[in-house]
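Work through the exercises below with the sequence and the model side by side. Try each task before reading its solution.

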Amino acid sequence: MPTSPHSLHPRTLWKLFLGFLTATVLISAGMWATSGSLTNDLAPRGIVSFEFVGDSEAAAAMLDSWGERGRIEAAFNLGLDFLFILAWVPAVAIGCLWVAQRFGRFVIALRALATLQIVAGVFDMIENVALLNLLLTAPSEPWPQIAWWAALLKFSILTLGVVAIAAGAVVAGAKRA
């Protein structure tokens, strides 16, 4: 019978968390290293600026500012982001489960937050599909709005998970001291 992630030993969860966190950091470094021409006056945060561009006119201007090389880098980054999702979603979800096991007081909320990371990953995929539509065709509505909302929801859920993990790690460290 398969083991539920909720029933894994805290050390096993911690090791899984560190493994997925390492993959997240490595893929993130690869994305950063291959996105040099995406940061400019119209896209001060590179691909993240594109995620929150909001309308097709601004998307077209941003794409024009990137030129052909930037478009290729953006497409490559979006491809890497699909791989990135397979690393960050389990990293944050497992981190939330680890905190839930260590601090039973918030177990239901933390388990729900772990599950919500899967939803955030789906929002990330929706965002990527919207951005690919903007990148590969003439920018048109509703793709910028879909990307904007998906990015907002993804980052909101992800931030809650990261904050929960950080708080849990701080409390765990304080208990050890």
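**Exercise 1. A proline between two helices**

Task: Find where P142 lies, and state what kind of peptide bond joins E141 and P142.

Solution. Start with the location: P142 sits in the loop between α4 and α5. The model is a predicted one, and in it omega of the bond between E141 and P142 is about 5°. That bond is cis. For background, most peptide bonds are trans.

**Exercise 2. The overall layout**

Task: Describe the chain by its helices and strands, its spans and its buried share.

Solution. First, count the elements: there are five helices and zero strands. Read from the N terminus, their order is α-α-α-α-α. Next, take the spans of the C-alpha trace along its principal axes, which are about 55 × 35 × 30 Å. Then look at burial: the chain has 177 residues, and 38% of them count as buried. Last, consider contacts between residues at least 6 apart in sequence; 78% of these join residues at least 24 apart.

**Exercise 3. Helix spans**

Task: Compare the reach of α1 and of α5 with the span expected at 1.5 Å a residue.

Solution. Take α1, with 24 residues. From its first C-alpha to its last, α1 reaches 34 Å, close to the expected 34 Å. Now take α5, with 34 residues. The end C-alpha atoms of α5 are 49 Å apart, and this agrees with the 50 Å that α5 should span.

**Exercise 4. Two residues of α1**

Task: Decide for T24 and for W32 whether each is buried or exposed.

Solution. Both positions belong to a helix: T24 is found in α1, and W32 is in α1 too. The cut-offs are under 20% relative accessible area for buried and over 50% for exposed. T24 has a relative accessible area of 12%, so T24 is buried. W32 is at 69%, so W32 counts as exposed.

Now look at the surroundings. Leaving out residues up to four places away in sequence, T24 touches F84, A87, W88 and A91. W32 and G46 are 14 residues apart in sequence, and their C-alpha atoms are 9.5 Å apart in space. The buried residues of α1 include, besides T24, L13, F17, I27 and M31. Among the elements that cover the buried residues of α1 are α3 and α5.

**Exercise 5. The nonpolar cores**

Task: Which residues have the most contacts inside the largest nonpolar core, and which elements give two or more residues to this core?

Solution. The largest nonpolar core has 28 residues, and W88, V92 and C96 have the most contacts inside it. Two or more residues come from each of α1 (10–33), α3 (56–102), α4 (107–136) and α5 (143–176). The largest share, 14 residues, is from α3.

Follow one of these residues further. Apart from its neighbours within four places in sequence, C96 is in contact with L110, L113, A114, G161 and I165. A second, separate core has 16 residues, including A59, A74, L78 and L131.

To close this exercise, turn to α5. Its buried residues include A147, A151, L158, G161 and I165. The cover over the buried residues of α5 includes α1, α2, α3 and α4. As a general remark, nonpolar side chains tend to be buried together in soluble globular proteins.

**Exercise 6. Two pockets**

Task: Give the volume of the largest pocket and of the second largest pocket, and describe their linings.

Solution. The largest pocket holds about 710 Å³ of space. Of its 32 lining residues, S28, M31, V48, F84 and F155 are the closest to its centre. The elements giving two or more residues to this lining are α1, α2 (47–51), α3, α4 and α5. Sorted by type, the lining has 18 nonpolar, eight polar and six charged residues.

The second largest pocket holds about 250 Å³. Its lining consists of H9, P10, R11, W14, W98, R102, A169, A172, G173 and R176. Here α1, α3 and α5 each give two or more residues, and α5 gives the most, with four. By type, this lining divides into five nonpolar, two polar and three charged residues.

Note on methods. Residues are numbered from 1 along each chain as its sequence is written. This is a predicted model: local features need pLDDT of at least 70, side-chain atom pairs count only at pLDDT 80 or more; totals for chains, interfaces and linings use all residues. Side-chain values use heavy atoms; hydrogens and water are left out. A nonpolar core is a set of buried Ala, Val, Leu, Ile, Met, Phe, Trp, Tyr and Cys residues joined through side-chain atoms within 4.5 Å. Buried means under 20% relative accessible area, exposed over 50%, partly exposed in between (1.4 Å probe, protein chains only). Contact means heavy atoms within 4.5 Å. The expected span of a helix is 1.5 Å times one less than its number of residues. On a 1 Å grid over the protein atoms alone, a cavity is a set of points where a 1.4 Å probe fits but cannot get out, and a pocket is an open set with protein on both sides within 12 Å along at least five of seven lines; lining residues have an atom within 4 Å of a point. Grid points are joined across faces, edges and corners, and a volume is the space filled by probe spheres set on the points. Ala, Val, Leu, Ile, Met, Phe, Trp, Tyr, Cys and Pro count as nonpolar, Asp, Glu, Lys and Arg as charged, and the others, Gly among them, as polar.
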